[in-house]
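Grab a pencil and have a go at the exercises below. Try each task yourself before you read its solution.

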Amino acid sequence: SQSVLKSPPEMTVTCGDVSISVFSGDFTMTAPGKGCWRKDTVITCASNPSDIFFVDPELSDIYEVSGHTLSLSFPVKPDEIMVSRTPYLVLDGEYEDVAISENLTFPFEDGTWWYMITASWDKTNWSGEASYQIILSK
């Protein structure tokens, strides 16, 4: 039997010899509640890193990495995952989708990129969706 998650799992981003723990910003988790037809739902909205950037760009965490492949890992593998990115400091930049392999890896290009990762889980006794953001540079 699977454990019911009531908060999103931590995501780890690995590139070369650097591993970074990333915690979710916005998330929704739903699990069976007490009584017939009841479900317990948790919804949390966190500040977006871009909010911090507009207050003071020096407060934005930028992680230096080496290597050419980014790898994502979770304690519970998502059933679905979407990755997009935009160049850092391009304030009106649009996010572009990034193709990710089934083993949760994708190429990392030189530059400084703002990544948005959305993961979702649809398990027998719980479901949820979480968004993660991280700024990486090489």
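What follows is a set of worked exercises on strands, side chains and rings in this predicted model.

**Exercise 1. Put the open sheet together**

Task: Work out the order of the four strands in the open sheet, and find which strands stand at the edges.

Solution:
- Step 1. Read off the order, which is β2-β1-β6-β9, with antiparallel pairing.
- Step 2. Look at the two ends of that order: β2 (18–22) and β9 (105–107) each have a single partner strand, so one side of each has no neighbour in the sheet.
- Step 3. Add the twist, which averages 20 degrees from one strand to the next.

**Exercise 2. Follow β1 to its partners**

Task: Find how many bridges join β1 to β2, and how many join β1 to β6.

Solution:
- Step 1. Start with β2: five bridges join β1 to this strand, and the two run antiparallel.
- Step 2. Go to β6 (residues 69–73), which pairs with β1 (residues 11–15) over four bridges, again in the antiparallel sense.
- Step 3. Now pick out V13, which stands opposite I20 in β2 and has L72 as its bridge partner in β6.
- Step 4. Move along to C15, and you'll see L70 of β6 opposite.
- Step 5. Check the turn: the hairpin of β1 and β2 has two residues between the strands, and G16 takes a positive phi near 65 degrees there.

**Exercise 3. Sort the side chains of β1**

Task: Decide which side chains of β1 are buried.

Solution:
- Step 1. Walk along the strand and note that the side chains alternate between two faces.
- Step 2. Put M11, V13 and C15 on one face; these are buried.
- Step 3. Put T12 and T14 on the other face; these are not buried.

**Exercise 4. Get to know I20**

Task: Say whether I20 is buried or exposed, and name the residues it contacts beyond its sequence neighbours.

Solution:
- Step 1. Locate I20 in strand β2.
- Step 2. Compare its relative accessibility with the cut-off: buried means under 20%, and I20 has 6%, so it counts as buried.
- Step 3. Leave aside the neighbours within four places in sequence, and I20 is in contact with M11, T12, V13, Y63, V65, I134 and L136.
- Step 4. Take V65 from that list: I20 and V65 are 45 residues apart in sequence, yet 9.7 Å apart in space, C-alpha to C-alpha.

**Exercise 5. Classify the ring pairs**

Task: Count the aromatic pairs, then classify the pair of F108 and Y115 and the pair of W121 and W126.

Solution:
- Step 1. The count comes to six aromatic pairs.
- Step 2. For F108 and Y115, the ring centres are 6.3 Å apart and the planes are at 35 degrees, so this pair is tilted. Both residues, F108 and Y115, are buried.
- Step 3. For W121 and W126, the centres are 6.3 Å apart and the planes are at 35 degrees, so that pair is tilted.
- Step 4. Check burial: W121 has a relative accessible area of 2% and is buried, and W126 is buried too, at 3%.
- Step 5. Widen the view: ring pairs link F74, W121, W126 and Y132 into a cluster.

**Exercise 6. Find the partners of β7**

Task: Find which strands pair with β7.

Solution:
- Step 1. β7 (residues 80–87) pairs with β10 (residues 112–122) over eight bridges in the antiparallel sense, and M82 stands opposite T118.
- Step 2. β7 also pairs with β8 (residues 96–98), antiparallel, over three bridges; here V83 has V98 as its bridge partner.

Methods. Residues are numbered from 1 along each chain as its sequence is written. This is a predicted model: local features need pLDDT of at least 70, side-chain atom pairs count only at pLDDT 80 or more; totals for chains, interfaces and linings use all residues. Side-chain values use heavy atoms; hydrogens and water are left out. Two strands pair if DSSP finds at least two bridges between them. Axes are lines fitted to C-alpha atoms, for helices over the stretch in contact, and angles run from 0 to 180 degrees between N-to-C directions. Rings of Phe, Tyr and Trp (its six-membered ring) pair if their centres lie within 6.5 Å; planes under 30 degrees apart count as stacked, over 60 as edge-to-face and the rest as tilted. Buried means under 20% relative accessible area, exposed over 50%, partly exposed in between (1.4 Å probe, protein chains only). Contact means heavy atoms within 4.5 Å.
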